[in-house]
Amino acid sequence: QVQLVESGGGLVQPGGSLKLSCAASKNISQINVMGWYRQGPGEQRERVADITNYGRTNYKHSVEGRFTISTDNAKNTVSLQMNSLKPEDTAVYYCKATTYSTYSFYDYWGQGTQVTVSS
């Protein structure tokens, strides 16, 4: 089991920045993939960015160059630095952890944190 707690959401003006953090209850070096997802009003949840335990990152095309995902193994946290925010980035952002076993995988989700981009 992995418990995840997000923090750092809020209201920001277009063009502004926010940093989201997700604290994991387990050593994140033992978690295969950590990621950030978001779900806007009336929309499906979508992947924003993820990072493997050997440091490979992937980003949704629309956030490349604006968002940066990173981990801090000493603090067991994964962060999402969001710059040049746009109104369309408004959503509830969720942290996700995925662990693999020999024949299966397990996904764990945080409770979500609201990000609102508005003037």
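This report walks through a predicted model of one protein chain, from its overall build to its ring contacts.

**Overall build**

Start with the elements. The protein chain has zero helices and 11 strands. From the N terminus on, the order reads β-β-β-β-β-β-β-β-β-β-β.

Next comes size. A compact globule of 119 residues would have a radius of gyration near 14 Å. The protein chain has 14 Å, which agrees with that expectation. Along the principal axes, the C-alpha atoms fill a box of roughly 45 × 30 × 25 Å. Of the 119 residues, 41% are buried.

**Strand S8 and its partners**

Strand S8 covers residues 77–82. Five of its six residues are buried, so S8 is largely enclosed by the rest of the structure.

Which strands pair with S8? One is S7 (residues 67–72), which runs antiparallel to S8 and is joined to it by six bridges. Another is S3, which pairs with S8 in the antiparallel sense, also over six bridges.

Look at S7 and S8 in detail. The two strands form a hairpin, with four residues between them. In the turn, Asn76 has a positive phi of about 55 degrees. Thr71 has Val78 of S8 as its bridge partner. Ser70 has Ser79 of S8 as its bridge partner. On the S3 side, Cys22 stands opposite Val78 in S8. Val78 therefore appears in both pairings: it is the partner of Thr71 and stands opposite Cys22.

**The disulfide**

Cys22 has a second role. A disulfide is a covalent bond between the sulfur atoms of two cysteines. How many disulfides does a search of the whole structure find? The search finds one. Cys22 and Cys95 form it, with their sulfur atoms 2.1 Å apart.

This disulfide links distant parts of the chain. Cys22 lies in strand S3 (residues 18–24), and Cys95 lies in strand S9 (residues 91–100). The two cysteines are 73 residues apart.

Is the disulfide left-handed or right-handed? The torsion about the S-S bond is about -80 degrees, so the disulfide is left-handed.

Are the two cysteines buried or exposed? Buried means under 20% relative accessible area. Cys22 has 0% relative accessibility, so Cys22 counts as buried. Cys95 also has 0%, so Cys95 counts as buried too.

**The nonpolar core**

The largest nonpolar core has 28 residues. Those with the most contacts inside this core are Leu4, Met34, Trp36, Leu80, Met82 and Tyr93. Which strands supply at least two residues each? They are S3, S4, S5 (46–52), S7, S8, S9 and S11 (113–117).

**The aromatic cluster**

A pair of aromatic rings is described by the distance of the centres and the angle of the planes. The count for this model comes to two aromatic pairs. The table sets them out.

| Ring pair | Centre to centre | Angle between planes | Arrangement |
|---|---|---|---|
| Tyr37 and Trp109 | 5.1 Å | 75 degrees | edge-to-face |
| Tyr94 and Trp109 | 6.4 Å | 85 degrees | edge-to-face |

Why are they called edge-to-face? Planes over 60 degrees apart count as edge-to-face. The planes of Tyr37 and Trp109 are at 75 degrees. Those of Tyr94 and Trp109 are at 85 degrees, so that pair is edge-to-face.

Where do these rings sit in the chain? Tyr37 lies in strand S4 (residues 33–39) and Trp109 in strand S10 (residues 105–109), so their pair ties together parts that are 72 residues apart in sequence. Tyr94 lies in strand S9, so its pair with Trp109 in S10 ties together parts that are 15 residues apart. Ring pairs link Tyr37, Tyr94 and Trp109 into a cluster.

Their accessibility is worth checking. Tyr37 has a relative accessible area of 15%, so Tyr37 is buried. Tyr94 has 13%, so Tyr94 is buried as well. Trp109 has 35%, so Trp109 is partly exposed.

A charge joins this picture. The charged end of Arg45 sits over the ring of Tyr94, 3.7 Å from its centre. Arg45 also lies over the face of Trp109, at 4.6 Å from the ring centre.

**Putting it together**

Strand S9 turns up more than once. S9 holds Cys95 of the disulfide. S9 also holds Tyr94 of the ring cluster. And S9 supplies at least two residues of the largest nonpolar core.

How values were computed
Residues numbered from 1 in each chain as written. Predicted model: local features only at pLDDT ≥ 70, side-chain atom pairs only at ≥ 80, totals over all residues. Heavy atoms only, no water. Disulfide = S-S within 2.5 Å. Buried < 20%, exposed > 50% of the residue type's maximum accessible area, 1.4 Å probe, protein only. Pairing = 2+ DSSP bridges. Phe/Tyr/Trp six-rings, centres within 6.5 Å; stacked < 30°, edge-to-face > 60°. Lys NZ or Arg CZ within 6 Å of the ring centre and 35° of its normal. Core = buried A, V, L, I, M, F, W, Y, C linked by side-chain atoms within 4.5 Å. Rg over C-alpha atoms; globule rule 2.2 N^0.38 Å.
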